[in-house]
Each structure stands twice: as structure tokens, then as C-alpha cells.
Amino acid sequence: MNLSEKVYEQLPQDSILRSLSRQELDDFMSFAVVKRLTRGETLIDAGDPGDSMMIVLAGTLKVCVTSSSGREVVLDYLGPGGIIGEIAVFDGKPRTADVLAVDGAELVVLQRRFVLPFLEKNPTAALRIIELLCDKLRRTNALVQDGSAGSKAPKLARGILRLLEEHGVRDENSVSIGFRMSQTELGNYVNISRENVNRQLREWEDAGLVQVARGHISILDEVALQRVADDDS
């Protein structure tokens, strides 16, 4: 199986590369290289040259920045189909965030000097990237609004539901759906201390909304959790 076939088989239906014809995909992948990361390995440091974009084939990547107080602020988690560095394709400026592997990850790396000529010849792909940029801006705005104000429980519920929508996996018995993440990471994502995250999750466990075990958060009552999320929105 060549790289373009592998990409086509692995990526979600809504991936930018899935919008290309097979010939366009072959052309696109002709200048791509595959990069593999181990758990915790850094892919990008803020300030690095913006000379490429990357598409996640497997694994999960964390996008984060460090606040003025030295605290890590998580901006996003990216799974298969996620795209990194698309802004750099257009402006070539330094990276604005750190990116590292939450677990083992595999990516396709595409250098800017090759991507720009390709997008000029394939406006549909260029428009798809612009759509992704708009979607990312909306998501960032939502995170900023959540982080600046609001009660802890609704804020945490909204963060969990976002992660559930993007990274949720149903268990083997199809009883619940959830995702794997430490409470520290979850707190960094929603701008709540680990202690408050732990306290709220325990309350929700007692109420039958969630189940927490070995870093895996399962949602048992998504409707009730949505009601909490909507409480102060």
C-alpha cells in the first residue's frame, strides 16, 4: 500500500485530503513524508519556523501555550484527520503554540514550498483549508469565552462534551462513550484546577453522570451533562 492509499484508508471522511480526487491525492502525497512520534515527544515549539503543515494519521496531539504565570493552557487536542500548521502555509510566520504527542502518533508532513503551488492549482483544497481555519477560530473563541468567566461545573461539562464529540470512543459493550485523559490535562483544557476537576467528577460519579477509571472518563448520562453545560450559557 503506497502512502496516498494509506492516507485515504486511515483518515476520517471530513479530512481535507478526503476532498481530493485520488489523482490529486497522489500528487499531494508525492512530496509528503511520514513522521512518527513517541508518547510525550515534542513536534513543535512556539517560535519554530512556520515552514510546513502536518496531518495526523494516528494518535493524539496536544496544542498548548504557556501563560504569563507559567501555567500550561491547552488549546486543542487533535486526532486522526487533524491538521497542524495550516496558517503557516499561507503566511510562513513562526509557530504560535507548542505541539506534542499525547500518545504515539503518526503524521504526514508537507513542506510549504510544495503546498503553495499545489493549492494554486487546486482551489477546492485551498477553500477547504480556509474552512478549517474558520472552524478553528470559532473553537478558539469558544475556549476563550469559557476560560474567562462562568461557573466551574458548566465550564467543565462543556469541555468534556467538546472532547467527547471530537475524540469520544464507545466502549466494547456500547454502554457508554468516553475518552482517555488525565484530570490535570482536562483541567488545563478548561482552565480549572485539577482539585476542582477531581471534586466535580466525583460529584458527577455519585449522581450517575460519569464514570472515571484509570484515566478514562466515560459519560453515562450525556443528556444530564448537557443540561449542566447549558446552565450558565
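Which residue in β6 is the bridge partner of isoleucine 55? Isoleucine 83 is that partner, and the views below start from this spot. The model is predicted, so local features need pLDDT of at least 70 and side-chain atom pairs count only at pLDDT 80 or more, while totals for chains, interfaces and linings use all residues. Residues are numbered from 1 along each chain as its sequence is written, and side-chain values use heavy atoms, with hydrogens and water left out.

**View 1. Four strands make an open antiparallel sheet.** The order to follow is β1-β8-β3-β6. Helices (H or I, at least four residues) and strands (E, at least two) are DSSP runs, numbered from the N terminus. Two strands pair if DSSP finds at least two bridges between them. β1 (32-37) and β6 (83-84) stand at the edges with a single partner strand each, so one side of each has no neighbour in the sheet. Look for β8 at residues 105-111, joined to β1 by 6 bridges. One pair to pick out here is alanine 32, whose bridge partner in β8 is leucine 110.

**View 2. Strand β3 pairs with β8 and with β6.** The antiparallel pairing of β3 with β8 has 6 bridges, and the antiparallel pairing of β3 with β6 has 2 bridges. Isoleucine 55 is a handy landmark: valine 108 stands opposite this residue in β8, and isoleucine 83 is its bridge partner in β6. Of the 7 residues of β3 (residues 52-58), 6 are buried, so this strand is largely enclosed by the rest of the structure. Here buried means under 20% relative accessible area, exposed means over 50%, and partly exposed lies in between (1.4 Å probe, protein chains only).

**View 3. The largest nonpolar core holds 26 residues.** A nonpolar core is a set of buried Ala, Val, Leu, Ile, Met, Phe, Trp, Tyr and Cys residues joined through side-chain atoms within 4.5 Å. Leu156, Ile160, Leu186, Leu201, Trp204 and Leu225 have the most contacts inside this core. At least two of its residues come from each of β5 (72-78), α6 (152-167), β10 (177-180), α7 (183-190), α8 (194-206), β12 (216-219) and α9 (222-229). The biggest contribution is from α6, which gives 6 residues.

**View 4. Leucine 201 and its contacts beyond the local sequence.** With neighbours within four places in sequence set aside, leucine 201 is in contact (heavy atoms within 4.5 Å) with Ile160, Gln183, Leu186, Val210, Val212 and Ile217. If you move on from here, there is a second, separate core of 23 residues, which includes Leu11, Leu57, Ile129 and Leu132.

**View 5. A salt bridge links strands β1 and β8.** The structure holds 4 salt bridges, each defined as a side-chain nitrogen of Lys or Arg within 4 Å of a carboxyl oxygen of Asp or Glu. In this one, the side chains of arginine 36 and glutamate 106 meet at 2.9 Å, N to O. Arginine 36 lies in β1 and glutamate 106 in β8, so the pair ties together parts that are 70 residues apart in sequence. The two ends have their own settings: arginine 36 is exposed, with a relative accessible area of 56%, whereas glutamate 106 counts as buried at 11%.

**View 6. Lys62, Glu72 and Glu185 form one salt-bridge network.** The side chain of lysine 62 meets that of glutamate 72 at 3.2 Å, N to O, and that of glutamate 185 at 2.9 Å, N to O. Lysine 62 lies in β4 (residues 61-66) and glutamate 72 in β5, so that pair ties together parts 10 residues apart in sequence. Glutamate 185 lies in helix α7, so its pairing with lysine 62 ties together parts 123 residues apart in sequence. Lysine 62 counts as buried at 4% relative accessibility, while glutamate 72 is partly exposed at 24% and glutamate 185 is partly exposed at 21%.

**View 7. Asparagine 191 sits in the loop between α7 and α8.** Its phi is near 65°, a positive value in a residue other than glycine. Asparagine 191 is partly exposed, with a relative accessible area of 37%.
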